[in-house]
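Visitor: I'm new to reading protein structures, and I'd like a close look at a single part rather than a quick tour. Could you pick one helix and walk me through its surroundings?

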Amino acid sequence: MFFILLPTCLFAQVGNDSIYMSDISKRIYHENFLKHNQTSPDMFGEVSLTYGRDKGNFRLAQSPYRESVVDFYAIGANSLGRFTISGDFRFNKIFVDSLAYGQKSVVDIWSPYHYFAAKAGEYERQNYESNFTLSYKLSKRLSPFMNVYYLSHWTTGSVDPRFDNKVFTFKYNPGVIMNFDGFNVGLKAILGRGNETQNISYKNKNYSQSLQFPDRIHYASFGYGNISIKDSLNARKYRDYLGGELTFHKSGKRMKIDLSVGYEKSKEELTTDLKATSKVYNIRGKYAEDRYKFSGLVQFPIRNSWHLLAFKGDYVTGRDGFITFSPTLNKVNYEVDLLTSQLDYMGESRHSSRWNYTYGVSIEHFNIHRKDHATLVDVTNTYARIIPKVGLNLKANEKNQIKGGLNMAYRFSLSDNLSYSENANNNYIKNVVLWDYYFYKMSAFSSELSTEWLTKTTTSQYLVGFKFAYQIEKGSPPKSEQLSFLNFPSNPRRNNFMVGINLYF
């Protein structure tokens, strides 16, 4: 059904290119396109093909030194009588180099269960992700809808030990929109299931059977410091999702307001039972995660300009249960609490002249707290990030427009705390826990330059955008004797660039 409905969205003819030339309009429909009761165009379509490359030692321990991405993305919406459909899908290939300790899924990042090895190697990843909503205007007051989300991911390595990881997620989310005088409310249920397989293989038997090559030895992580050497070669995870979302929209003469609050609970069960099936298996560990989300968009005009105030928050709390500590899986070893929040302001001039400009600022707050009771690891990092933004738009003629932007960001630590048992110090604590602690603790500066040429000279039917972006990040590590012991870079930096082409329908 998805492959039948989504092309209808993508090839909708808007007839008004202004929504693509406005940074505020593009942000709004990228955030709200799945919520049919919130601000978003009824008809639009966008397809992009990009190539990006990321390189440097300013990174978390379980991130690669170098990464290349080829990404195809499509997003669109259309109205057909009483029906409205909107959706997006993404397909990408990611080529990773010099990745160690992070041979795991990049989907369920806070789960404690994964394999790893110290040997840095090359990996290839592939993602297919789709999300669409179909609604039907039953009456003036009611519009039922169905939202469907699908994800397929795999990661595979080419250096012993060769890790292979596959993830599948499917969510079906029914809901209803209720229209009242002056505002509307949307209610959505979240229901879903998923599974993940993790496998390890060796081509060289010397690496698999000997302990003489420490970096080739594979481990299993069962927390944030609690590890097991050569534990197993295969593992599976089964997940269930349950939650809900409430949305609100109010549109007045001078202001538009969109609010959203959601809750989702995921339950994960781990098995290393080779004889297990999807319905019958021995549970070795479990992990439960609760996620709370809140977001809001407020739009308003002032003279010849348009303004956007956006805010969002995300709180994640997770707890595990492992059979080693309790046969009933009711004793917690691993805990994680993550709080992220962001406040954005954007302004955009809308003069009739050739030149217009954008400006804004973002303030981000990040706090993460993780504990592993078996190794007495207790680590907390909190930082803030400030990002001023400026941009210029030049309308050369009726068929050509050039956009440019510059974002500067400064990150600084607010509070940090680290403790662990010296008796339990292992290579995971040294190379992951301590590394990430100092990564979050250091201050950092980044600068990003971007540009896009929007034109109709190549085809009069579609608007074409050629885009380029370049970013540099540089960290300033704190003074500590541990950093030399960890081989932490004294001048960490990272460069990335992106080139791409967009088609706007």
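Guide: Let's take helix 5 and the core around it, and then step out to a few other spots.

Keep in mind that this is a predicted model. For a bit of setting, the protein has six helices and 21 strands. Its radius of gyration is 24 Å, close to the 23 Å that the globule rule gives for 505 residues, so the protein is as compact as a globular protein of that length. The C-alpha trace spans about 70 × 50 × 40 Å along its principal axes, and 48% of the 505 residues are buried.

Now for helix 5 itself. Helix 5 runs over residues 427–441. From its first C-alpha to its last, this 15-residue helix reaches 20 Å, close to the 21 Å expected at 1.5 Å a residue. Look at where it begins: a side-chain oxygen of N426 comes to within 3.0 Å of the backbone nitrogen of Y428.

So is helix 5 enclosed or out in the open? Of its 15 residues, 12 are buried, so helix 5 is largely enclosed by the rest of the structure. Among the buried ones are Y428, I429, V432, L434, W435 and F439. Not every buried residue here is a greasy one, by the way: N431 and D436 are on the buried list too.

What is the helix packed into? The largest nonpolar core has 52 residues, and W110, Y224, V377, Y428 and F488 are the ones with the most contacts inside it. You've already met Y428 at the start of helix 5. Several strands give two or more residues to this core, including strand 3 (83–99), strand 14 (305–322), strand 15 (334–349) and strand 17 (377–397). Helix 5 gives the most, with 10 residues.

Try clicking on W110, another residue from that list of well-connected ones. Setting aside residues up to four places away in sequence, W110 touches Y287, E289, R291, V316, Y334, V336, L338, I368 and R370. There's also a second, separate core of 11 residues, and it includes Y29, Y73, A77 and L463.

Strand 15, one of the contributors to the big core, also holds D337. D337 is buried, with a relative accessible area of 14%. Its side chain makes a polar contact of 3.0 Å with the side chain of Y315 and another of 3.4 Å with that of R319. The contacts of D337, leaving aside neighbours within four places in sequence, also include V316 and I368, and both of those are on the W110 list as well.

Next, move along the chain to strand 19 (residues 443–455), which runs antiparallel to strand 20 (residues 463–476) and is joined to it by 13 bridges. Strand 20 also pairs with strand 21 (residues 493–504), again in the antiparallel sense, over 12 bridges. You can trace a path across these strands: S450 has A469 of strand 20 as its bridge partner, and A469 in turn is bridged to M498 in strand 21.

For a last stop, find R82, in the loop between strand 2 (66–80) and strand 3. R82 counts as partly exposed, at 46% relative accessibility. A polar atom of its side chain lies 2.7 Å from the backbone oxygen of K137, and S135, Y136, L138 and S139 are among its other contacts.

Conventions:
Residues are numbered from 1 along each chain as its sequence is written. This is a predicted model: local features need pLDDT of at least 70, side-chain atom pairs count only at pLDDT 80 or more; totals for chains, interfaces and linings use all residues. Side-chain values use heavy atoms; hydrogens and water are left out. A nonpolar core is a set of buried Ala, Val, Leu, Ile, Met, Phe, Trp, Tyr and Cys residues joined through side-chain atoms within 4.5 Å. Buried means under 20% relative accessible area, exposed over 50%, partly exposed in between (1.4 Å probe, protein chains only). Helices (H or I, at least four residues) and strands (E, at least two) are DSSP runs, numbered from the N terminus. Contact means heavy atoms within 4.5 Å. The expected span of a helix is 1.5 Å times one less than its number of residues. A polar contact is a pair of N or O atoms within 3.5 Å; within protein, one must be able to donate a hydrogen and the other to accept it, and residues adjacent in sequence count only if both atoms are side-chain atoms. Two strands pair if DSSP finds at least two bridges between them. The radius of gyration is taken over C-alpha atoms; the globule rule is 2.2 Å times the number of residues to the power 0.38.
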